[in-house]
Amino acid sequence: MKLKLINDSSVQKLGFSKNLRQGFVLLLLAIGLLGVTTSSSVAQDRGQVQNMLMRTLTVSGRGIETIPTTLSEVRLGVEVQGKTATAAQQEAAKRSNAVVALLKSRSQVQKLETTGISLNPVYSYNNNTQTLTGYTATNTVSFQIATESIGNLLDESVRVGATRIEGIRFIATDSAILAAEQQALKKATQNAQQQANSVLGALNFTAKEIVSIQINNAAPPQPQPLVQYEAANRLVNAKATTPVIGGEQKVEAGVTLQISY
């Protein structure tokens, strides 16, 4: 801050007394010193902030929570062949209606929907000659049900007309997954803090405060299929109840901490 000195003659022109002139000069000097002190304080604070940001440790922690899978996501299909397209489609519709009626009669069945309908010609080959022999019609539905109830339902579905079991996935409920994500985040945060304490302790540094927190996207659970199409024929001829046992599901989360020291 630059000060412009005022001499006595200038002050006299303004009509000030000598004492008043001296007080006026002292006031100007005080204002100048205050400006210099303030600038110095701001610069010092800025330097401290920069120093704090430069001395930081960034650590990433992972948390995993394992939960039981209590739901089964099932895909059932009806596949039939007929001499004509109409015959194949009508037979597929008849069997599919029986399967759907069975599923709707069970209150445990949720999210029932049609996932596929197809009609394809079937050819035979003899002496390099292609001959149309019929048609294949396929209808597919999917639904969810408690795993403990799926065994009997699969057997009954096959008896009323289902010919394909395209897959079963074990999944957890939405509420269970949400709760698991919260626990995984807590574990990830604790893991990150433990890493920071180990590193800073080995270097004889002391953690001061957390400068930033970043939550990484949790890895979505990946249920594994249990029954594939090849298992359908065994289920068609089975007389005993088909055993279905659920597994476990992992939910992962990540947290990144930036800690000053």
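1. Salt bridges first. Searching the whole of this predicted model turns up 7 salt bridges. A few of them are worth a look one by one, since they sit in quite varied settings.

2. The pair I'd start with is Lys187 and Glu65, whose closest N and O atoms lie 2.7 Å apart. This one ties together distant parts of the chain: Lys187 belongs to helix 5 (residues 174–202) and Glu65 to strand 1 (residues 56–68), with the two positions 122 residues apart in sequence numbering. Are the two partners buried or exposed? Glu65 has a relative accessible area of 17%, so it counts as buried. Lys187 comes out at 37%, which means partly exposed.

3. Glu91 and Arg95 make a local contrast to that long-range link. Their side chains meet in a salt bridge, 3.0 Å from N to O. Both residues are in helix 3 and 4 residues apart, so about one helical turn separates them. Glu91 is partly exposed at 30% relative accessible area, and Arg95 is partly exposed too, at 29%.

4. Then there's the Arg164 group. Glu166 forms a salt bridge with Arg164, with the closest N and O atoms 3.2 Å apart. Through shared partners, Glu79, Arg164 and Glu166 are joined into one salt-bridge network. When you display this, bring up the three residues together.

5. On to the sheet. How many strands form the open sheet, and in what order? There are 4, running 3-4-2-5, and the pairing is antiparallel. Strand 3 (110–126) and strand 5 (164–171) are the edge strands; each has a single partner, so one side of each has no neighbour in the sheet. From one strand to the next, the twist averages 15°.

6. The hairpin of strand 3 and strand 4 deserves its own point. The two strands pair in the antiparallel sense over 14 bridges. At the turn, 2 residues lie between the strands, and Asn127 there takes a positive phi near 55°. Asn126 has Thr129 of strand 4 as its bridge partner. Elsewhere in the hairpin, Val122 stands opposite Gly134 of strand 4.

7. Gly134 also comes up in a glycine pair. Its C-alpha atom is 5.6 Å from that of Gly82, though the two residues are 52 apart along the chain. Gly82 is part of strand 2. With a relative accessible area of 15%, Gly82 is buried.

8. Some backbone angles to check. Most residues other than glycine have a negative phi. Lys111 goes the other way, with phi near 55°. Lys111 sits in strand 3, and its relative accessible area of 58% makes it exposed. Asn204 is another non-glycine with positive phi, about 60°. Where is Asn204 found? It's in the loop between helix 5 and strand 6 (209–219). Asn204 is exposed, at 71% relative accessible area. So if you're going through the torsions, Lys111, Asn204 and the hairpin residue Asn127 are ones to inspect by eye.

9. Last, the empty space. Rolling a probe the size of a water molecule over the atoms shows where such space is left. Here the count comes to 1 cavity of 30 Å³ or more, and its volume is about 50 Å³. Which elements supply at least two residues each to its lining? Strand 2 (71–82), helix 3 (85–104) and strand 4 (129–146) do.

10. As for who lines that cavity: Leu76, Gly77, Val78, Ser96, Val99, Val100, Asn139, Thr140, Val141 and Ala162. By class, that gives 6 nonpolar and 4 polar residues, with no charged ones. Helix 3, which supplies part of this lining, is also the helix that holds the Glu91 and Arg95 pair from point 3. Strands 2 and 4, the other elements named for the lining, are the inner members of the 3-4-2-5 order from point 5.

Technical notes: Residues are numbered from 1 along each chain as its sequence is written. This is a predicted model: local features need pLDDT of at least 70, side-chain atom pairs count only at pLDDT 80 or more; totals for chains, interfaces and linings use all residues. Side-chain values use heavy atoms; hydrogens and water are left out. On a 1 Å grid over the protein atoms alone, a cavity is a set of points where a 1.4 Å probe fits but cannot get out, and a pocket is an open set with protein on both sides within 12 Å along at least five of seven lines; lining residues have an atom within 4 Å of a point. Grid points are joined across faces, edges and corners, and a volume is the space filled by probe spheres set on the points. Ala, Val, Leu, Ile, Met, Phe, Trp, Tyr, Cys and Pro count as nonpolar, Asp, Glu, Lys and Arg as charged, and the others, Gly among them, as polar. A salt bridge is a side-chain nitrogen of Lys or Arg within 4 Å of a carboxyl oxygen of Asp or Glu. Buried means under 20% relative accessible area, exposed over 50%, partly exposed in between (1.4 Å probe, protein chains only). Two strands pair if DSSP finds at least two bridges between them. Axes are lines fitted to C-alpha atoms, for helices over the stretch in contact, and angles run from 0 to 180 degrees between N-to-C directions.
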